[in-house]
Amino acid sequence: MKNLIILASLFVSIGCIGQEKNLLTVGDPAPAIHYSKWLKGQPFKPDQKDMVYVYEFWATWCGPCVAAMPHLSQMARKYKGKAHIVGVNVWEKTQGKPYESAIPAVEKFVTASGSRMDYNVIVDNNAQEMGNNWLRAAGQNGIPSTFVIKNGIIQWIGHPHYLEGPLDSLVNGTFDLPAFKQVYTKAQQASVLQSARLNRILKAIKDATDSADFTMLESAVENGSKEIPFIKGALQAKMFEALLTKKSAREAFAYADTILKEFPDMKTGLALIVLDQNKLDKVSYTKAIQWLKESDVNSIILDKMADGYLKMGDYKSAIITMEEAVLKGREELKDQRYSGRVFEYTVEGYKKKLNEIKSKIN
């Protein structure tokens with residue numbers, strides 16, 4: 001599963017080639033703040049002298065973003081009156097719709113998160129000015145990513161996990177901007193080179209997939225895996241998906257056997273690829289469900305398994321599985337491990353889905 005998360009993050013970066021020159025960086029004036037809606041907290045202008053402004057970019061689908069929220073909330077409380085922390089929602093998956101179509105889902109997530117997000121929250125606009133003019137302009141092609149501003153100047157850029165030290169020194173007036181800029185510039189240049197390599201590899205994968213050229217795709221996966229070994233499993237997952245959707249399920253699952261010999265923890269990720277497809281044969285869905293049963297089964301996984309049963313027309317199994325999802329979801333609401341992943345509205349959604357399935361066989 002980790003490899004698929006890596007791949008999802010990497011594909012966000014496609015289209016960023018050419019941004020190597022004149023990157024937004026530490027020491028530059030901060031870009032303007034543009035958003036579609038201020039979801040939490042009282043709106044303000046970031047123009048107060050010596051106030052520190054923290055902009056943490058996140059999305060509801062981003063596990064590391066969700067994990068960082070309690071720590072950000074602690075810092076928001078600790079530095080109240082000295083620093084403003086703002087969660088900036090970007091890069092939601094809107095299936096081609098205007099970005100602002102994501103607002104209701106994001107708002108529901110923020111409301112349900114309660115004190116886990118004890119800071120200001122805004123949502124990017126249809127032009128995605130925050131994602132483009134801040135993240136992409138700085139060569140930041142992954143989230144979470146945090147920008148810290150003081151007196152209109154970018155002081156620090158990094159992962160929120162490492163924020164507290166710089167934030168403390170900025171609040172206390174002891175932060176050494178020139179020293180950090182020197183370190184950050186070297187890291188940023190290295191990151192740009194790595195991003196260029198990733199974009200080249202991912203473009204080759206995408207081009208081969210789009211043209212259904214499996215010889216070219218196999219070569220692109222092999223070459224990319226040699227160049228950057230840690231993304232091998234993720235690239236192979238794309239090959240699996242291409243075989244499944246553009247060639248044959250038989251060849252796809254034979255290829256999956258090869259993947260799982262080296263990356264046995266990818267069963268869940270490959271299963272979700274299968275269950276996202278429509279009009280596959282029952283054998284494919286059954287195999288995917290079996291893979292999920294062999295994983296750490298939670299309510300989210302059970303919900304996906306029910307989708308597989310529905311696509312096979314097995315309503316009885318879908319009902320049994322959704323009943324399990326409801327029970328599991330109720331347990332997870334009390335389990336800190338699922339904070340930020342399972343909410344009251346998640347369980348209500350399971351109940352609604354269960355009732356809809358039952359109504360189809362009555």
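Where is Ala212 found? In this predicted model, Ala212 lies in the loop between α6 (177-210) and α7. The sections below treat backbone geometry, strands, nonpolar cores and salt bridges in turn.

## Residues with positive phi

Ala212 is not a glycine, yet its phi is positive, at about 55°. The relative accessibility of Ala212 is 34%, so this residue counts as partly exposed. Gln128 also has a positive phi, near 50°, and is likewise a residue other than glycine. Gln128 is located in the loop between β4 and α4. With a relative accessible area of 26%, Gln128 is partly exposed. As background, most residues other than glycine have a negative phi, and most peptide bonds are trans.

## A cis peptide bond and a buried loop residue

The peptide bond that joins Ile143 and Pro144 is cis, with omega at about 5°. Pro144 has its place in the loop between α4 (129-135) and β5 (145-150). Both residues of this bond touch Phe57, whose contacts include Ile143 and Pro144.

Another loop residue is Gln277, situated between α10 (267-275) and α11 (282-293). The relative accessible area of Gln277 is 16%, and the residue is buried because this value falls under 20%. Apart from its neighbours within four places in sequence, Gln277 is in contact with Glu241, Leu244, Thr245, Tyr285 and Lys311.

## Strand β4 and its partners

Strand β4 (residues 120-123) has side chains pointing in two directions: Asn120 and Ile122 point one way, and Val121 and Val123 point the other way. All four of these residues are buried.

Strand β4 pairs with β1 and with β3. The strands β1 and β4 run antiparallel and are joined by three bridges. In this pairing, Lys37 stands opposite Val123. Strand β3 (residues 83-89) runs parallel to β4, and four bridges join them. Here Val88 has Ile122 as its bridge partner in β4. Together with helix α3, the strands β3 and β4 make a right-handed β-α-β unit.

## Two nonpolar cores

The largest nonpolar core has 57 residues. Which of its members touch the most other members? They are Phe57, Trp58, Ile143, Phe147 and Leu167. Helix α2 (residues 63-78) supplies the largest share of this core, with seven residues. Leaving out residues up to four places away in sequence, Phe57 touches Cys65, Val88, Val90, Met130, Trp134, Leu135, Ile143, Pro144, Ser145 and Phe147. One of these contacts, Val88, is also the bridge partner of Ile122 in β4.

A second core, separate from the one above, contains 56 residues. Its members include Phe214, Ala220, Leu270 and Tyr309. In soluble globular proteins, nonpolar side chains tend to be buried together.

## Salt bridges

The structure contains 19 salt bridges. One of them joins the side chains of Glu107 and Lys37, with an N to O distance of 3.3 Å. Glu107 belongs to helix α3 (residues 103-113) and Lys37 to strand β1 (residues 37-40), so this pair ties together parts that are 70 residues apart in sequence. Both partners are partly exposed: Glu107 has 28% relative accessibility, and Lys37 has a relative accessible area of 33%. Lys37 thus has two roles in this description, as the salt-bridge partner of Glu107 and as the residue opposite Val123 in β4.

Lys353 and Asp303 also form a salt bridge through their side chains, at 2.6 Å from N to O. This pair links distant parts of the chain, 50 residues apart, with Lys353 in helix α14 (residues 344-361) and Asp303 in helix α12 (residues 299-312). Lys353 and Asp303 are both buried.

A salt bridge within one helix is formed by the side chains of Lys226 and Glu222, at 3.3 Å from N to O. These two residues are four apart in helix α7 (residues 214-227), so about one helical turn separates them. Lys226 is exposed, with 61% relative accessibility, whereas Glu222 is partly exposed at 44%. In addition, a network of salt bridges links Arg197, Arg200 and Glu227.

Definitions and conventions. Residues are numbered from 1 along each chain as its sequence is written. This is a predicted model: local features need pLDDT of at least 70, side-chain atom pairs count only at pLDDT 80 or more; totals for chains, interfaces and linings use all residues. Side-chain values use heavy atoms; hydrogens and water are left out. A salt bridge is a side-chain nitrogen of Lys or Arg within 4 Å of a carboxyl oxygen of Asp or Glu. Buried means under 20% relative accessible area, exposed over 50%, partly exposed in between (1.4 Å probe, protein chains only). A nonpolar core is a set of buried Ala, Val, Leu, Ile, Met, Phe, Trp, Tyr and Cys residues joined through side-chain atoms within 4.5 Å. Contact means heavy atoms within 4.5 Å. Two strands pair if DSSP finds at least two bridges between them. A crossover is right-handed if, with the strands pointing away from the viewer, the path from the first strand over the helix to the second runs clockwise.
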